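These are my notebook entries on a structure that I had not examined before. I set down what I looked up, one topic at a time.

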Amino acid sequence: MMLRQADWFSTVSLRKDVEKDKRSNSSSLCGLMAIILLKNGVLSLRTLVTVGCETGFQPTMSVYQYVVTAQKPTAVHFAVKGRFTSSDEINLIISKGTRIEIFTLTPDGLRPVIEFGIYGRIEAMEIFSPPDVSTDSLFILTERNTFCILTYNQATQDIVTAANGDVRDRSARPLNCGMRAMIDAQCKAIVLTMYAGLVKVLPFATGETSSLRAPKSKGKNVVGRHTGEIGEGFNVSVFIFHWYRIDEVNLLSSVMLHGVENPTLMILYEDTRATRHVKTYEINLRSKDKAGGSSFRAKVETGANLLIAVPAPLGGALVIGEQTITYIHPDRSPISINIEGTVIRSYGLIDEDGTRLLLADYLGHLYVLVLISQGGALAGLQIERLGEVSTPSSIVYLDNGFAYIGSPSGDSQLVQLHNVQNNEGSYLEILEEYPNMAPITDFCIVDLERQGQGQLVTCSGAGKDGSLRIVRNGVGIDEQATLEMPGVKGLWSLAHSYGSMHEETIVFSFIGETRVLHLNDSELEEAEQFSGFDMAHSTVACGNVAGNLLVQVTEVSVRLTGCSTDGKLMDEWIPDGSTITVACLNGTQCVLSYGNGSLVLLEVQGDKLVKIRETQLEYEIACIDISPFEESESSEKSQFVAVGLWTDITARILSLPDFKPLVKESLGIESIPRSILMTTLEDIPYLFVASGDGQLFSFKFDQHTSSLVERKKIALGTQPIVLQTFKTGTTTNIFAASDRPTVVYSKNQKLLYSNVNLKEVNYMVSFNSESFPNSVVLNTDESTIIGKIDQIQKLHVSKIALDKEMARRIAYQESSRSFGIITLKIQIDAGSGDEQALGFFRILDDRLFEVLDSFALDRDETIESIISLTFEADSNEYYVVGTARPTPEDSNVHKGRLRVFSVLPTRHLKLVTELEVQGAPYVLREFNGKLLAGINGKVEIYQMTIEEDGSYNLSLHCSHHSNVVALYIETRGDFIVVGDLMESVSVLMYSDGALEQVAKDYNANWMTSVGMIDQDTYIGSETGYNLFTLKRNAGGATPEERRKLEVMGEFHLGEFVNRFRKGSLVMNQNEVEGSPILSTILYGTINGVIGVIANITQESYELLEKLQYNMIHVIHGVGGLKYEEWRTFYNDQRTGDCRNFIDGDLIETFLDFNPDQMQLVVDGSKWGTPLDTSVEDVIRLVEIMVRIH
């Protein structure tokens, strides 16, 4: 029989199978797990296990954790099309785990409209058109059996909850195939298949608004409440769910039929003899007690797995099998077509009448199925393969030959269908790809640029869509050229003419001189004399001005010169016996100060410099800016000048040309303002003030009232900041040059800060030239860099394709500058269609990511683990790869192998030694110069010795057997933390050459990963999508107290975590004075989420916990879903309140509040708790937390 790839998150099925045999011995359990792992193309739970974490623990940690998402989920599970935001627009609505993204289809592609999260994992999503309503509504069902119906308010641009409720049945058994929500074509009812032998039906109330109360009769439950109306004549008031018993318990698929008088459900099920059938039930909404009798039943192909309802007028359904596609209608004879052996996973209708459909299989092959009709009845079926796409979970045909391919394990795609094949024999053209990191099966943290900032390299994707992803935080600089030029005190770029978009000259100011580099035939050459510039003095400011002229401000004068390299001095303004200290200019104006609070306005009038006005301020001026808020060419003059003053440490705005004082803002700090900037971001005027100690203030400037509002402060570094605007496309951004250079930008009218991946920058200017397009010039203490700025965003992700292989594990080796990866490739026999999983160990260059060498595993081996380590008494680094060797006749894994490789100077692999082991080495770790392995239920330590003949020998040192399956291991010193398949966490200690269990958690958690916060505090994730922390009571009074791990914190994350790694995405996030962050751990999930868990101080936890409590009373979840219920620890065994965890995703939305909302939260309004601090202090704390990702 043909093997099929299983879903790569089959932990739940693994759990169910193992639960049947809990009383079996450990070797039997290990064997059971191994056989599950090996079936279905080896894509199951073990695909998700990863290796170890980094070292470098902080000495004193707390039990309080701050959890925040750095990368939102990227895996697409559902996608639908409809008119949700407007009756005039077509929307694509995408579900990604706990988030929904809504796009509008435009001639230029998909335009984002809105995205939001919900307090639940989305298990089903359907869009429907209520009668007499111009827009569509969205039905969502969550994993915890809550539902909501959402609509969109065009006037307020808000998501509105029309209805919600709870449909759980605690006594029923969930279906193995998962939940399914269906809405009949006439919008009479919502039908849910969630439990074995049970169908739940929600009739819509029509006509007059219903005032029904909860009926007392058996089999009826009121589970919703009135929260709004969908439309006239179609009211969602009190929802009454009716449940109906059916005989079939093993449902595989279900649909609601079209073109029928009463809602009719068709189910595909398997009976006790493994035979598959379809059957229909007519739902009698009036009887409310039972489903109508079965009117139709038919036997179908054994491999049938999917039903597709065919719209009217044809009606009926398509039964999709592995060998055939069959059209079935209760009143007509079936019609079938044979297909190549495969498993169809998803579909999308091209035509509203269903006569053309797109189908996709588990290998990503895309087909078109045509239903040929004659006389209103189906006459035949025709299928053709179109090409290959990412393996999809959903297909949405948009319009005019465009389709969206949503994938949970590869990049989602926008494709165009063509009538003619291309050179590769495909009818498809991939127009755009939407990056998807899911599932993240492993990752490592490395500092590839040697800048003290970690980058993640992840094993992402599944099956043929596997890849490596390089993830880094902040803005990268792609260096084009580097100039050795120390001692620079100022930096400017000049264009060849005023208004030109291309610069060709760079001006450098030094102590006592000015130097100029000019672009000549694609090369930068230094000019001994440039235009009419004064090269013998330091430049204070310079730039292009109207009339194709240049202005240079030096310490001694202001010079107006021609724009060419040989331009002449046109005019000069010289202050009376004073030295110019600061200056700024725009296209027609120059404002300067020559000390003692003087402020002078000059204008360029023709070829003359004209003094317009002079005033005197009470203190010395530290910085000036006259950038116009308006960016149009007609607004060459600024109406305002901004200055920062010494002594009183204020920022002021004065009007021009009269120097009338408008705004005076005390900064309230000791350090003087060093840079000031006026600019407009997303149509909002801002004033930015940067201090000498690395603090940046931002204000919104109300030009009508001449006032500064919404003051915010953030610490960017510890050294002076110099502010400069630059553009990416047509968007204005700000570069803050300092010891921690940062790009400030606006998104959705919110200021965001993204660090630049350079250690320090003193000055920055734009340099968009023909030789260096879209570039910038950056000056450091020792050199000047010309480079391009990456796309501005928080995280940057690069993709390394793996030629249809899936990377399962990764390790980094510093000495050879290589990554070691173990990959899986599914090879299909062209004759039989059988699948063969091939494993490889490959090493890649750490910069180019090119394969340096490979080692093919035996065909009977499965890859499990990898580590790079150094053995004691040997300074060389080695890769160790762990493999399992299952046998077809035995479900238990009794054999495995440890292979040790060295990387030669030629960067090729050499097999040093290998050792047969009794089981599967699921995890490998370095342990005090030895190799630590989790092999089936044992934790074993191996040592390497060098024999007299020079050969290497790997041998068992000691072993401990107390686990069902040891899947995850972390170490610190002599302590080993073990995460078990089904018995939570235990702690071992190594002493005197032996391992001893010193503590254990006695809860029955099914682990997915484990991490160490410190020697006595641990964090774990389990299959219920929860996080929890444990603490070892090493100083307990009794042996029982010392041996029991105490649960310190619990939190429902809502994500399946595959890996914890000690490390950070940002540089030195805990060096900010007063930082509450003690250490950080990163995690990766099955949905492509990258998250940060920060260990924080008790003081900060107590404040954030109160803030969190107050915020959930001010904001409410989409769909009326409860925040407290969402974050409650919940699995099959128990529930528990969230404790000792802070939800960073919620906390950081505080920065999106307006000042009034912030004050309400701090005051504890709406049943909250007053915070004993100011709004500004809360903002400062939240901004520190934001910077950890």
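**Entry 1: The chain as a whole**

I began with the surface: the chain exposes about 47,400 Å², and carbon and sulfur atoms supply 45% of that area. I note here that the model is a predicted one. I then looked up the secondary structure and found eight helices and 91 strands in the chain. Of the 1189 residues, 60% are buried. I also looked up the contacts with a separation of 6 or more, and 53% of them are between residues 24 or more positions apart.

**Entry 2: The sheet E26 to E29**

I looked up an open sheet of four strands, whose order is E26-E27-E28-E29 with antiparallel pairing. Strand E26 (344-349) and strand E29 (377-388) each have a single partner strand, so each edge strand has one side without a neighbour in the sheet. On average, and with direction ignored, neighbouring strands here are turned by 25 degrees against each other. I followed one pairing further: E26 and strand E27 (residues 356-361) run antiparallel and are joined by five bridges. Within that pairing, Ile344 stands opposite Asp361 of E27.

**Entry 3: The sheet E66 to E69**

I next examined a second open sheet of four strands, with the order E66-E67-E68-E69 and antiparallel pairing. Its edges are strand E66 (806-813) and strand E69 (851-856); each has a single partner strand, so one side of each is left without a neighbour in the sheet. For this sheet too I recorded the average turn between neighbouring strands, direction ignored, which is 25 degrees. Strand E68 (residues 835-845) pairs with E69 over five bridges in the antiparallel sense. Ile843 stands opposite Asp853 in E69.

**Entry 4: The strands E47, E48 and E49**

I asked how many residues of strand E48 (residues 598-605) are buried. The count is seven of eight, and the strand is mostly covered. On one pairing, four bridges join E48 to strand E47 (residues 589-593), in antiparallel fashion. Cys590 stands opposite Leu602 of E48. The two strands form a hairpin with four residues between them, and Gly595 in the turn has a positive phi of about 95 degrees.

Asn596 also lies in the loop between E47 and E48. I noted its phi, near 60 degrees, as a positive value in a residue other than glycine. I then asked whether Asn596 is buried or exposed. Its relative accessibility is 63%, so Asn596 counts as exposed.

E48 also pairs with strand E49 (residues 608-616), antiparallel and over eight bridges. Glu603 has Val610 in E49 as its bridge partner. The hairpin of E48 and E49 has two residues between the strands, and Gly606 takes a positive phi near 70 degrees there.

**Entry 5: Further backbone details in loops**

I looked up Ile649, whose phi is near 50 degrees, again a positive value in a residue other than glycine. Ile649 is placed in the loop between strand E51 (640-645) and strand E52 (650-655). At 7% relative accessibility, Ile649 counts as buried.

I also recorded two cis peptide bonds. One runs from Ala312 to Pro313, with omega near 15 degrees, and Pro313 lies in the loop between strand E22 (306-309) and strand E23 (317-320). Another joins Ala438 and Pro439, with omega about -15 degrees. Pro439 is in the loop between strand E33 (428-434) and strand E34 (442-446).

**Entry 6: Helix H8**

I checked the span of helix H8 (residues 1175-1186). With 12 residues at 1.5 Å a residue, H8 should span 16 Å, and its end C-alpha atoms are 16 Å apart, which agrees. Nine of the 12 residues are buried, and H8 is mostly covered. Among the buried residues are Val1175, Val1178, Ile1179 and Glu1183.

**Entry 7: Two single residues**

Asn164 has its place in strand E9 (residues 158-166). Its relative accessible area is 3%, so Asn164 is buried. A polar atom of the Asn164 side chain lies 3.0 Å from the backbone oxygen of Gly1119.

Tyr1130 is in strand E89 (residues 1129-1130). At 34% relative accessibility, Tyr1130 counts as partly exposed. Leaving out residues up to four places away in sequence, Tyr1130 touches Arg144, Gly1024, Asn1026 and Thr1135. The C-alpha atoms of Tyr1130 and Tyr1025 are separated by 8.3 Å, while the two residues are 105 residues apart along the chain.

Conventions:
Residues numbered from 1 in each chain as written. Predicted model: local features only at pLDDT ≥ 70, side-chain atom pairs only at ≥ 80, totals over all residues. Heavy atoms only, no water. Pairing = 2+ DSSP bridges. Axes fitted to C-alpha atoms, helices over the stretch in contact; angles between N-to-C directions. Expected span 1.5 Å × (residues − 1). Buried < 20%, exposed > 50% of the residue type's maximum accessible area, 1.4 Å probe, protein only. Contact = heavy atoms within 4.5 Å. Areas by Shrake-Rupley, 256 points an atom, 1.4 Å probe, with all protein chains shown as cover. Polar contact = N/O pair within 3.5 Å; in protein donor to acceptor, adjacent residues only side chain to side chain.
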